[in-house]
Amino acid sequence: MEQQPAQEKKKIIFSAIQPSGTVTLGNYFGALKNWVSLQDEYNCVFALADLHTITVRQDPAKFRARIYEVYALLLACGIDMEKTLFFIQSHVPAHAQLAWVLNCYTQFGELSRMTQFKDKSAKHADNVNAGLFTYPSLMAADILLYQADMVPVGADQKQHLELTRNIAERFNGVYGNVFKVPAPYIPKVGARVMSLQDPSKKMSKSDENANSYVAVLDKPEVIMKKFKRAVTDSEAKVRYAEGKDGINNLMGIYSAVTGMTMEEIESEFDGRGYGDFKTTVGEAVVEHLRPIQERFERYINDKAYIKECCDKSADIARRIAQRTLDKAMKKIGFVIG
Ligand code: TYM
């Protein structure tokens, strides 16, 4: 990120994605597509949040491969290393350090109320570890280290962002203006892409049923098959309405790809059946993802380039993050080395 004169200073965006599984259409429409479009207007800082991922046990070889894969995929989606800082979280020790500090300014009761903690501890009942519980303080550290103005995320992260704001305000209330209090940036369309098999649940890369999500790297025939199997309803009319979660979700996806409004989609499919609709949505998604998949193949086969990008951006991120960490620790009374 370049230093600019105060009057021209662009606002700062921070966001992150976990390399916890394959990247889905939910991640893409809820977050990544926005990340790409914000790069010109803002100073963007994006992280691959690998420290967050070990709250669930990972196979070492698969985890390592996934980190490269997600990094390459984000480059393929259009993250531009000339404009944007995109680094691996674990390469910047200040994240873990500030997370510890912020843990001491976060209440047990606040963390207990996090719906993601409740969901994940129910899902992994044999491994309800302390990291899963304090995960939101690490997220707060990620964001606050870069003095972010805005955080583009899907709707599922809203509660964590509210907690981040509370932690920042509490800390600032004691020590003065140390942290910028960030605002969430949640897209109008695609904020919550739902499972294709159970549209009452969000589309998730950790879902055991692979038919429930579309991965950005799924092959065209797989994408078509998944859309054809998507759960709908018995009305057989493409319209956006309460109680039609499956169709609403497909319309949301189609709208995110084409930019069409729900009314426009309703009139395009007036008098046409669900089979026809699902095929059209599937084809639109395939065409949208095709160039991304092609670029991905090039990046993933160039590990040296990926490593160079990670190293360069980690250097810059370490410097920025250290500045904020030192400031916060000094205020608390630590002796800065
Ligand atoms: P993660 O890795 O689960 O998801 C990455 C981004 O994708 C969005 N998303 C969705 N959006 C719409 N519909 C869906 N079905 C869907 N599924 C996922 C998420 O909202 C997210 O924006 N804790 C974060 C990663 C993180 C982070 C941060 C984010 C770590 N530190 C600091 C922002 C700021 C997570 O697990 O995202």
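A residue counts as near a molecule if one of its heavy atoms lies within 4 Å of that molecule. The model here is predicted, with local features needing pLDDT of at least 70, side-chain atom pairs counting only at pLDDT 80 or more, and totals for chains, interfaces and linings using all residues. Residues are numbered from 1 along each chain as its sequence is written, and side-chain values use heavy atoms, leaving out hydrogens and water.

**Exercise 1. Find the residues around the ligand and sort them by class.**

Step 1: Start with the shell, which holds 27 residues; Gln18, Tyr135, Asp142, Asp156 and Val193 come nearest to the ligand.

Step 2: Now sort them, taking Ala, Val, Leu, Ile, Met, Phe, Trp, Tyr, Cys and Pro as nonpolar, Asp, Glu, Lys and Arg as charged, and the others, Gly among them, as polar. You get 13 nonpolar, nine polar and five charged residues.

**Exercise 2. Track down polar contacts of the ligand with glycine 26, valine 193 and lysine 205.**

Step 1: Look for pairs of N or O atoms within 3.5 Å; within protein, one must be able to donate a hydrogen and the other to accept it, and residues adjacent in sequence count only if both atoms are side-chain atoms.

Step 2: Try the backbone. Valine 193 puts a backbone N or O atom 2.7 Å from a ligand nitrogen, and a polar backbone atom of glycine 26 is 3.0 Å from a nitrogen of the ligand.

Step 3: Then go to the side chain of lysine 205, where an N or O atom is 2.9 Å from a ligand oxygen.

Step 4: Check the cover, using Shrake-Rupley accessible areas with a 1.4 Å probe (for residues, only the protein chains shown count as cover). On its own the ligand exposes 700 Å², and the protein buries 97% of that.

**Exercise 3. Work out which elements give two or more residues to the shell around the ligand.**

Step 1: Helices (H or I, at least four residues) and strands (E, at least two) are DSSP runs, numbered from the N terminus.

Step 2: Read off the elements: β1 (12-17), α1 (25-38) and α7 (130-145).

Step 3: Go back to the residue classes for a last check: nonpolar residues number 13 in this shell, next to nine polar and five charged.
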